[in-house]
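Student: I'm new to this one, so could you walk me through its pockets and anything odd among its charged residues?

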Amino acid sequence: MAMTKACSTSLLFALNNGTRALGTSAPQLAMAKTKPSLSRPGGKNIVLVDGVRIPFLMSGTQYQKLMPHDLARQALNGLASRISLDKSSVDYITLGTVIQEVKTSNVAREAALGAGFSDKIPAHTVTMACISSNQAITTCAGLMHAGVYDACIAGGVEFMSDVPIRHSRKMRELMLKLNKAKTAGARLSLLSQLSMKHLVPELPAVAEFSTNETMGHSADRLAAAFKVSRAEQDEYALRSHTLAHKAQEAGLLSDVVPFKVPGVDQVVEKDNGIRVSTPEQMAKLKPAFVKPHGTITAANASYLTDGASACLLSTEEKAKEMGWKPKAYIRDFTYVSQDPKDQLLLGPTYATPKVLEKAGLKNSDVDVWEIHEAFAGQMLANLNAMDSDWFATTYQGRSEKVGAPDMDKLNLWGGSLSIGHPFGATGVRLMMHAAHRLVKEDGQYALITACAAGGQGVGMIVERHPDAVV
């Protein structure tokens, strides 16, 4: 089940043919769709009006002195400015996040208040690992389908520059007892128990609670299981950075809004993790997780990222009433989960056939694919799994494979490997890339998928709106 020659050739083709790889103007093949539209008679249409994100930055850089709600507030205000939004027209706000700042556990509420939204607009925070802002989007869609609200903001934030580091369990227990001690003697007795073991902190790790395995280690095992070589992973990562760099230079990453960070002289205007390297430089890096023979390195994995995103969703009737110009319809979505030990990162493989069946579409109907790139090895393993009849019948109970996407439709403006991956904010970035690419590439349907910790995943289908412009 190694990566096919066709897939490898497509990677090289994409790198060497800038115009076609970027997909800025190349038309899709003229093919009749299984369905001319996913509109359901009598059903309520939920639309993506617009969305933005602040630049995604490597942790420890320009955002490092801020807090998560500062980033989310900037995304909310950037969205409001982008579309001249009357903030009172919003009914509800939902943001996703993964590693929570304890002072702002409901970061959606704190960011909304800080951004000047009415204190009468409810807001809540969701968490579902790397698909948290996807969950925020579909939560809002569900509320609107149910008739509860007509206009909602969904988004997410992640701040890896200052993650919570806890005292050890022994130290926490001692401090709680000290707080309850009534006399000086009782306090001195407790303090006499203090040892160096108490002072060892608990550092956060991107590891599964159920298996105690880091995601990088799991990705390395997955790549090995699907016989994805180190060279193929480096090649795919180079593709991601090259396409992201070209998209950035061409002005295609128009969902980015600038951020004047307090204490930073220059306005932050673009993502700072996009770096086009060479195969020779990438080959020099040592394995990051499985040593000494692993294939995941810092060059072919996504990096710790600070960032925030926000998008406005509404019913189509509300959009018409307000004069908003939608970019896409939110048509179908599904969530999947599987074994977190051996199939932690295979969410796209499981979600794709389910959401296509739900929509009544085929692989060939999809014009734009946006798949979250946690690791290059994870991406290529999923492409191999999707293109395997054996995997489909053995693990998914399906009669045939769903088929891997054409490389000339996949992540043509780069992905999480290059642009960055703030866990709670990536879902909106994927959504905006999909919506904008549909316009630029004259497509109709886009499919968004992502894996997430816990062995979970999401699949979403959006359809281009007739009023859509970039």
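What follows is a short chat about two pockets and one lysine in this predicted model.

Student: How much space lies in the largest pocket?

Tutor: Let's start with who is there: 42 residues line this pocket, and the closest to its centre are Val206, Ser302, Tyr303, Leu304 and Phe423. Helix H8 (215-225), helix H9 (230-249) and helix H10 (279-283) each supply at least two residues of the lining. The space in this largest pocket comes to about 1,100 Å³.

Student: And by class, how many residues in its lining are nonpolar?

Tutor: Take the other classes out of the way: the lining of the largest pocket has three charged residues and 10 polar ones. The nonpolar count is 29.

Student: What about the second largest pocket, and how many charged residues are in its lining?

Tutor: This pocket holds about 290 Å³ of space. Its lining has 13 residues, with Gln100, Val102, Pro164, Ile165 and Arg166 nearest the centre. By class, seven are nonpolar and two polar, and the charged ones number four.

Student: Now the lysine: why does Lys327 count as having no salt bridge, and which side chain of opposite charge is nearest?

Tutor: Lys327 sits in the loop between helix H11 (316-322) and strand S7 (328-337), and it is buried. A salt bridge needs the charged atoms within 4 Å. The nearest opposite charge is 4.1 Å away, so Lys327 has none, and that neighbour is Asp50.

Student: Which side chain does the side chain of Lys327 make a polar contact with?

Tutor: Asp50 is the nearest side chain of opposite charge, but look elsewhere for this contact. At 3.4 Å, the partner is the side chain of His436.

Notes:
Residues are numbered from 1 along each chain as its sequence is written. This is a predicted model: local features need pLDDT of at least 70, side-chain atom pairs count only at pLDDT 80 or more; totals for chains, interfaces and linings use all residues. Side-chain values use heavy atoms; hydrogens and water are left out. On a 1 Å grid over the protein atoms alone, a cavity is a set of points where a 1.4 Å probe fits but cannot get out, and a pocket is an open set with protein on both sides within 12 Å along at least five of seven lines; lining residues have an atom within 4 Å of a point. Grid points are joined across faces, edges and corners, and a volume is the space filled by probe spheres set on the points. Helices (H or I, at least four residues) and strands (E, at least two) are DSSP runs, numbered from the N terminus. Ala, Val, Leu, Ile, Met, Phe, Trp, Tyr, Cys and Pro count as nonpolar, Asp, Glu, Lys and Arg as charged, and the others, Gly among them, as polar. Buried means under 20% relative accessible area, exposed over 50%, partly exposed in between (1.4 Å probe, protein chains only). Lys and Arg count as positive and Asp and Glu as negative; His and the chain ends are not counted. A polar contact is a pair of N or O atoms within 3.5 Å; within protein, one must be able to donate a hydrogen and the other to accept it, and residues adjacent in sequence count only if both atoms are side-chain atoms.
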